[in-house]
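The following exercises concern a protein and a nucleic acid strand. Attempt each task before reading the solution beneath it.

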Amino acid sequence: MKMSKLFVQTLREFPNDAEAISHKLLVRAGYIKKLTSGIYSYLPLMQRVIAKVSKIIREEMNAAGAQELLMPFVQPSEVWEKSGRWEVYGKELARFSDRHGNKMCLAPTHEEVITSVVSGTFTSYKQLPVNLYQIQTKFRDEIRPRFGLLRGREFIMKDAYSFHTSQESLDEEYENMARAYKRIFERCGLETKMVQSDSGAIGGSVSHEFMVLTSTQTGENDVFYCEECDYSANSNHAVSILNVEETDGAKFGYSEEKLVDTPNVKTIEDLAKFLKIDSNCILKAVLYVADSKPVLVMIRGDREVEETKLLNAVGALEIRPATSDEAYEFLGCEAGYLSFLGIDKNKVKVIFDKSAKGMKNFVVGPNEPNKHLVGYNFKEEYDFIDVALVKEGDLCPRCKKPLKVTRGIEVGNIFQLGTKYSKPMNATYTDENGQDKPFIMGCYGIGVTRTAAAAIERYHDDFGIVWPKEIAPYHVDVVPVNTEDKEQMEVALKIYNKLLDEGIEVVIDDRSDRAGVKFKDSELIGFPYRITVGKTISEGLVEFKDRKTGEVEKLGYDEVVEKCKELLLN
RNA sequence: CGGGAUGUAGCGCAGCUUGGUAGCGCACCUCGCUUGGGACGAGGGGGUCGCAGGUUCAAAUCCUGUCAUCCCGACCA
């Protein structure tokens with residue numbers, strides 16, 4: 001490809017509306033162009049990266065025994081009503097009506113359609129298991145799209161769905177996919193961590209996410225992991241053993257139940273200071289609204305509620321913290337002094353977090369203003385449920401060593417769906433005994449465009465993108481320093497043509513710009529290797545530069561071609 | 001949804017307070033010069049100043065509304 005003809009416009013400055021480094025670089029280096037919030041055109045360079053990632057995915061999925069198909073992006077409401085998700089999915093599902101007034105939507109995922117495709121096509125246990133996948137555009141109308149391709153509204157996803165006659169068969173395929181995913185990301189040059197996770201809107205029981213670990217910035221998930229054993233989990237799923245298992249207010253002189261004045265003391269921090277007690281000896285009350293009904297969470301003062309866990313615990317569709325006004329409305333008390341004590345349990349659901357178990361002589365709100373109860377002890381048995389966010393330093397649930405936390409970008413996930421979709425949609429096969437049984441299903445996703453963006457988050461420097469060579473849009477950039485110099489151009493073209501003949505993906509920067517411009521662009525775009533054809537041709541040499549290591553070698557014309565072959569063709 | 005900010009040429013921005021012919025840098029076109037790290041000179045093209053309404057002799061500028069984009073937060077009592 002001639003650089004002078006490549007459809008790309010690099011920018012001297014970073015775009016104003018980008019935050020994440022991958023977003024900034026993708027725009028500046030001319031890979032993507034925004035059409036509207038969270039929706040981008042993939043320009044030729046990007047399209048090549050997408051094709052590379054897709055190719056790796058296809059090869060590994062096919063090798064793992066899956067078959068590719070392609071399903072509709074526009075779907076009728078019927079299948080979604082059948083599965084029960086038309087009501088449940090919320091505003092992320094982009095809905096519209098066709099000209100006949102039929103309710104339609106843009107596909108955010110394909111469980112419904114694949115289930116209807118398989119149902120009635122494979123009807124015998126003899127034909128199972130089967131795993132089908134596609135690589136396709138998805139649309140999710142995110143509340144707040146951001147970070148460019150990391151959280152767009154429109155994005156490209158590989159989604160696979162497997163159908164089984166038994167849990168054992170599903171387990172096997174789940175492991176098979178986990179192995180395939182590991183290989184896919186490795187081949188993309190990405191190190192990933194497989195972590196336990198919540199199964200979210202897709203549903204099901206067992207699920208894992210593949211995370212690209214990032215130091216700080218753009219990872220949108222907290223991942224807790226143990227360095228001793230291999231335990232690791234998304235914060236929405238992580239469990240821990242509290243490092244202080246039992247707390248006793250008696251240590252601070254509160255061994256007797258008593259109502260004390262705490263005027264205008266509303267936060268846990270202030271209360272701990274006011275009473276001269278550790279916050280883990282206070283039982284905190286947090287009021288939520290779950291599907292417009294109040295839920296009061298009682299949790300140890302040094303802990304925070306993990307909303308996804310709470311959502312699952314109460315089986316709600318939507319959950320949010322209550323406002324102060326709502327606190328007054330539901331509990332008849334101003335916020336700051338709320339409690340499970342003295343409230344109507346038929347009106348307000350109360351959940352006790354696991355962290356509250358074993359607390360003694362603790363401080364708790366009395367559900368009346370400007371007072372707190374000290375030295376309180378539970379007077380009946382409660383069910384303690386885990387709805388708390390793990391903290392760094394908590395102990396690993398497996399080996400009891402302190403947990404660490406890091407940020408991660410979720411590039412893939414695998415779920416065991418069971419019969420969540422097949423049952424309501426009445427999708428069945430006939431078993432050995434002639435009986436109809438619902439399919440047992442699994443599903444497996446990879447964000448193709450997000451994977452590319454994650455690679456940039458992970459691999460870049462001050463000059464631009466440093467692509468892993470497996471997913472770089474081109475491998476080699478041949479730069480004649482002075483295009484007016486006939487000899488330089490001749491050598492550059494010779495090398496370029498030879499590389500082309502060898503099947504190496506190469507660009508020749510035949511623009512008449514000065515060398516500096518071409519070098520800057522080369523580094524910004526992130527070609528893994530650059531061959532500079534300049535003054536050294538007087539000695540029959542050209543310069544070979546590795547983008548990643550920065551190493552430079554002077555090589556003869558044939559030598560440099562051999563070097564590229566060696567590095568790029570196996 | 002709540003709060004904040006911003007909409008002026010493809011990109012980055014100034015101009016708005018105090019109304020009076022729409023500007024700068026990059027990019028683009030032409031000519032010259034230059035060619036190993038984002039050169040230089042001269043000339044040139046490109047903008048309904050987000051949109052709608054209002055005030056005014058006159059609005060990018062003032063007023064009202066509206067749309068869009070970005071950031072923060074989404075209540076832990």
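**Exercise 1. Determine which part of RNA strand B faces the side chain of T36, and which parts face E543 and K545.**

Solution. Step 1: in this predicted model, an N or O atom in the side chain of T36 lies 3.2 Å from a phosphate oxygen of RNA strand B. Step 2: the side chain of E543 places an N or O atom 2.5 Å from a base nitrogen of the strand. Step 3: for K545, the partner is a base oxygen, at 3.5 Å from a side-chain N or O atom. Step 4: the elements that give two or more residues to the surface near RNA strand B are β1 (32–36), β14 (282–290), α12 (515–525), β29 (529–533) and β30 (541–546). Of these, α12 gives the most, with seven residues.

**Exercise 2. Describe the surroundings of RNA strand B: how many residues surround the strand, and how do they divide by class?**

Solution. Step 1: RNA strand B is surrounded by 52 residues, and the closest are K266, K284, P321, G336 and E523. Step 2: of the strand's atoms that come within 4 Å of the protein, sugar and phosphate account for 53%. Step 3: by class, this surface has 22 charged, 17 nonpolar and 13 polar residues.

**Exercise 3. Classify the packing of helix α10 against α1 and against α2 as parallel or perpendicular.**

Solution. Step 1: two packed helices are described by the angle between their axes and the distance between the axes. Step 2: the axes of α1 (residues 21–28) and α10 (residues 448–458) come within 8 Å and cross at roughly 105 degrees. That angle makes α1 roughly perpendicular to α10, because angles of 65 to 115 degrees count as such. Step 3: I21, S22, L25 and L26 of α1 meet A453, I456 and E457 of α10. By class, this contact has five nonpolar, one polar and one charged residues.

Step 4: helix α2 (residues 44–63) packs with α10 at an angle of about 110 degrees, the axes being 9 Å apart. The helices α2 and α10 are therefore roughly perpendicular to each other. Step 5: the contact is formed by M46, V49, I50, V53, S54 and I57 of α2 with V448, T449 and A452 of α10. These residues divide into seven nonpolar, two polar and no charged.

**Exercise 4. Explain why the salt bridge of D17 and K34 ties together separate parts of the chain.**

Solution. Step 1: side chains of opposite charge can pair when their charged atoms come close. Step 2: the side chains of D17 and K34 form a salt bridge, with 2.9 Å from N to O. Step 3: D17 lies in the segment before α1 and K34 in strand β1, so the pair links parts that are 17 residues apart in sequence. Step 4: the structure holds 33 salt bridges.

**Exercise 5. Identify what is unusual in the backbone at P129 and at N264.**

Solution. Step 1: most residues other than glycine have a negative phi, and most peptide bonds are trans. Step 2: the peptide bond from L128 to P129 is cis, with omega near 5 degrees. P129 lies in the loop between α5 (111–118) and β7 (130–139). Step 3: N264 is not a glycine, yet has a positive phi of about 65 degrees. N264 is found in the loop between β13 (258–261) and α7 (268–275).

Notes:
Residues numbered from 1 in each chain as written. Chains lettered and ligands numbered in written order. Predicted model: local features only at pLDDT ≥ 70, side-chain atom pairs only at ≥ 80, totals over all residues. Heavy atoms only, no water. Near = heavy atom within 4 Å. Polar contact = N/O pair within 3.5 Å; in protein donor to acceptor, adjacent residues only side chain to side chain. Helix = DSSP H or I, 4+ residues; strand = E, 2+ residues; numbered from the N terminus. Nonpolar A, V, L, I, M, F, W, Y, C, P; charged D, E, K, R; others polar. Axes fitted to C-alpha atoms, helices over the stretch in contact; angles between N-to-C directions. Parallel < 35°, antiparallel > 145°, perpendicular 65-115°, else oblique. Contact = heavy atoms within 4.5 Å. Salt bridge = Lys/Arg side-chain N within 4 Å of Asp/Glu carboxyl O.
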